[in-house]
There are 2 protein chains.
Amino acid sequence: MATMHDVARLARVSVSTVSYVLTGARPISQATREKVRAAMAELDYQPHAMARGLASRRSRILGLLLPIDERGMGATETAFVTGAASAASAAGYHLVLSPVDADDLDGLRRLASQRMLDGALLMEVQLEDDRVAVLREAGVPLVLIGRTGDTTGLSYVDIDFDRTVRDAVAHLVGLGHRRIVYVNHSATTIAEGYGPALRTRDAFAAAMAEHGVEPLMIPAEDSAAGGRAALDTAFDRAPDLTAVLAMNESAVFGILSGLAGRGLTVPDDVSVVSMVTSPQVAELATPALTAMTSPGSALGRIAVEALLCHLEQDSAPIHQQLLPCTLEVRGSSGPSGRPTGDAAGDDEQETQPAAALPRDGGPRGVPARYSRGEW
Amino acid sequence: MATMHDVARLARVSVSTVSYVLTGARPISQATREKVRAAMAELDYQPHAMARGLASRRSRILGLLLPIDERGMGATETAFVTGAASAASAAGYHLVLSPVDADDLDGLRRLASQRMLDGALLMEVQLEDDRVAVLREAGVPLVLIGRTGDTTGLSYVDIDFDRTVRDAVAHLVGLGHRRIVYVNHSATTIAEGYGPALRTRDAFAAAMAEHGVEPLMIPAEDSAAGGRAALDTAFDRAPDLTAVLAMNESAVFGILSGLAGRGLTVPDDVSVVSMVTSPQVAELATPALTAMTSPGSALGRIAVEALLCHLEQDSAPIHQQLLPCTLEVRGSSGPSGRPTGDAAGDDEQETQPAAALPRDGGPRGVPARYSRGEW
DNA sequence: ACGGTCTGTCGAAACGCTTCGACTAAGCGC
DNA sequence: GCGCTTAGTCGAAGCGTTTCGACAGACCGT
């Protein structure tokens with residue numbers, strides 16, 4: 001392997017000159033630069049990552065800290081990871097996958113003190129997450145995926161659950177549905193303070209209230225059986241339901257089969273919309289699921305870019321961004337045929353001032369569902 | 001951050017002594033060792049990864065080379081990745097995720113010459129894969145996930161497709177099925193020489209022949225619609241079919257819905273077995289899919305361990321290992337009720353000598369399906 | 001008492017790069 | 001023509017480890 005010395009010798013310049021050609025840290029004349037470039041090409045020179053890292057104190061390695069999660073990653077997380085990896089790679093960085101047990105704070109501290117990571121992405125952030133404090137103390141620039149309860153001074157990217165739920169509810173209300181059941185994660189998951197479950201619960205209540213209809217939430221275990229059980233409960237408590245909004249990818253398949261078991265057709269009798277779902281999974285169902293498609297890989301990319309900003313100039317402002325899931329209408333949602341016969345329900349929607357819409361929301365006064373393509 | 005110098009000063013020894021305490025490369029007296037340990041603890045010393053890497057010429061970083069694949073990773077690949085990451089982490093190594101376009105050989109060469117990777121795992125290996133040659137030239141120790149056509153001198157781990165198909169077929173034949181259709185990946189995928197599609201195709205033909213029944217393979221696009229289409233073709237060509245074995249996770253859901261559309265019940269009228277499937281996905285279907293569960297995370301772990309062997313002692317023998325998917329019987333397979341009425345079909349199975357079983361196969365002479373738990 | 005092997009320790013030279021200070025010319029305003 | 005800045009280059013000092021050769025002493029058989 002050729003080193004910088006070899007290049008310098010061949011180009012008849014000093015090592016530092018070669019380095020400056022590479023990094024651009026100081027001006028180098030056109031002529032010299034070309035000589036050096038030629039020498040590098042001839043020797044097939046590649047800078048030695050470790051040496052560069054040691055000297056410059058920057059490893060060009062980013063850490064993706066994922067909790068060791070026995071049940072494994074879902075499609076959304078996977079998309080996130082690959083998105084982050086591509087973005088890092090495109091920027092000339094490497095992404096290391098570090099599984100750290102969520103409560104192995106010592107392990108995390110050790111990892112951080114090895115000075116191998118220029119920065120880190122923290123996945124599956126809890127509302128209260130000690131890992132954040134550990135990494136901050138260790139001086140590791142950080143971007144969260146998800147949010148802690150208190151986000152002051154922290155950069156994060158997360159799904160805009162509020163907007164996502166609103167869009168989903170607007171879609172269903174727009175189709176004439178009034179009795180909509182929200183199937184959330186399990187009761188214990190909610191009790192543990194799992195952010196997405198709590199945020200969507202509240203957003204659902206708010207969105208329904210804005211449309212003047214009553215919210216009903218049912219928790220469900222993350223499984224097909226859990227979904228079926230939740231459906232039974234749902235019919236107990238709201239026999240006239242015409243639509244189900246489900247947070248829970250596994251449960252939604254149980255709901256589908258539960259409906260079929262009751263002799264109900266989707267979407268003619270009951271509409272089903274799945275939250276935070278990947279197209280691949282949505283297409284598995286019959287009919288294919290109308291779903292809020294998670295911005296998995298975009299989240300990954302944005303998180304990496306935000307982190308890189310912090311690295312390039314440490315005065316960079318903190319980056320806090322929410323991305324909504326986008327509605328993709330497939331076969332599992334349709335007009336409500338049954339109870340209420342009233343036109344569409346646009347009026348209720350107007351009662352929500354446009355000011356409540358997130359930054360990039362459509363033109364003022366236009367309800368969200370019209371400003372977003374429903375391909 | 002404390003350095004080795006600080007530790008050495010505090011412990012009143014030389015830096016090299018500290019180093020020897022850490023690496024064990026030379027004997028150090030009990031007393032000194034404890035002094036040094038104490039100093040390290042007091043200063044909260046952590047070795048600097050880059051410096052160590054530069055001096056020792058070993059980065060303790062492994063690369064996971066995954067092709068940039070727009071349609072993303074499936075559950076099996078994801079499990080593989082997390083398995084590999086945990087194994088690496090447990091061994092004190094880091095795993096970097098390097099998305100490299102499958103035909104960007106220059107990019108790969110560049111990556112390899114940065115000397116950042118001690119070794120690499122190559123995912124989604126094709127039957128002909130130039131990346132292998134590139135990495136070998138660059139002198140990067142390598143373990144393949146999957147196999148090239150010619151595997152001489154190469155270490156790999158892969159799914160034992162042959163055995164997996166055999167076990168699946170044995171399960172169905174044992175249930176009395178005679179007319180079994182194999183739904184493979186798409187015709188173009190097969191034409192491109194995608195290993196798993198070819199290997200399972202051949203294994204299916206062989207397994208069926210051993211049972212004295214005629215094989216029928218239908219290619220299908222990787223989608224629910226593709227599965228439905230394949231099912232139509234299947235019924236055209238074999239109206240009396242009683243079982244479907246499907247390679248293709250997406251297609252299998254289409255097959256299920258296609259069967260329902262024809263008024264056929266699973267498993268009473270037709271049994272369905274899915275190949276290389278994760279439990280999570282299998283549970284989504286109704287009824288839950290009897291499936292060959294892929295050993296995703298075990299593959300990852302084993303691959304990493306094999307790679308580490310090559311690093312520790314470069315004389316290590318090449319490691320070639322196949323892991324079968326394990327049959328998990330759920331609700332989608334059952335006894336064939338319809339055409340043939342003959343007992344079970346054990347006799348045909350015995351014609352395959354046990355010698356063909358891989359290393360850890362059950363006791364000799366016992367058919368595979370009895371030696372494996374069917375929980 | 002004498003080489004000879006071990007054990008335990010040290011100092012210094014790498015490892016391959018970045019970066020700082022210094023120096024030389026050249027270009028500029030006045 | 002004077003000092004001043006600026007462009008372009010060099011040499012050397014790190015960065016924090018590992019590792020090699022050297023060496024002092026202890027322990028051995030003879």
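Two strands are taken to pair if DSSP finds at least two bridges between them. By that criterion, in this predicted model, strand β1 of chain B (residues 61-66) pairs with β2(B) in the parallel sense, over six bridges. Within this pairing, B:Gly63 has B:Val96 as its bridge partner in β2(B). Strand β2(B) also meets the other chain: β2 of chain A, which spans residues 94-99, pairs with β2(B) in the antiparallel sense over three bridges. Here A:Leu97 finds its bridge partner in B:Leu95.

How much of β2(B) is covered? Six of the six residues in this strand, 94-99 of chain B, are buried. In a regular strand, side chains alternate between the two faces of the sheet. Both faces of β2(B) are covered, with B:His94, B:Val96 and B:Ser98 buried on one side and B:Leu95, B:Leu97 and B:Pro99 buried on the other.

Chain A also offers an open sheet of six strands, in the order β7-β6-β8-β9-β10-β12 and with mixed pairing. The edges are formed by β7 (216-219) and β12 (326-328) of chain A, each of which pairs on one side only. From one strand to the next, the twist averages 20°. At the β7(A) edge, β6 of chain A (residues 180-184) runs parallel to β7(A), and four bridges join them; one of the residues involved, A:Val181, has A:Leu216 as its bridge partner.

Helices pack on this sheet too. Helix α8 of chain A (residues 161-174) touches β6, β8, β9, β10 and β12 of chain A, and its direction makes about 165° with that of β9(A). Helix α12 of chain A (residues 249-261) lies across β6, β8 and β9 of chain A, running at about 165° to β9(A).

Technical notes:
Residues are numbered from 1 along each chain as its sequence is written. Chains are lettered from A and ligands numbered from 1 in the order in which they are written. This is a predicted model: local features need pLDDT of at least 70, side-chain atom pairs count only at pLDDT 80 or more; totals for chains, interfaces and linings use all residues. Side-chain values use heavy atoms; hydrogens and water are left out. Buried means under 20% relative accessible area, exposed over 50%, partly exposed in between (1.4 Å probe, protein chains only). Helices (H or I, at least four residues) and strands (E, at least two) are DSSP runs, numbered from the N terminus. Axes are lines fitted to C-alpha atoms, for helices over the stretch in contact, and angles run from 0 to 180 degrees between N-to-C directions. Contact means heavy atoms within 4.5 Å.
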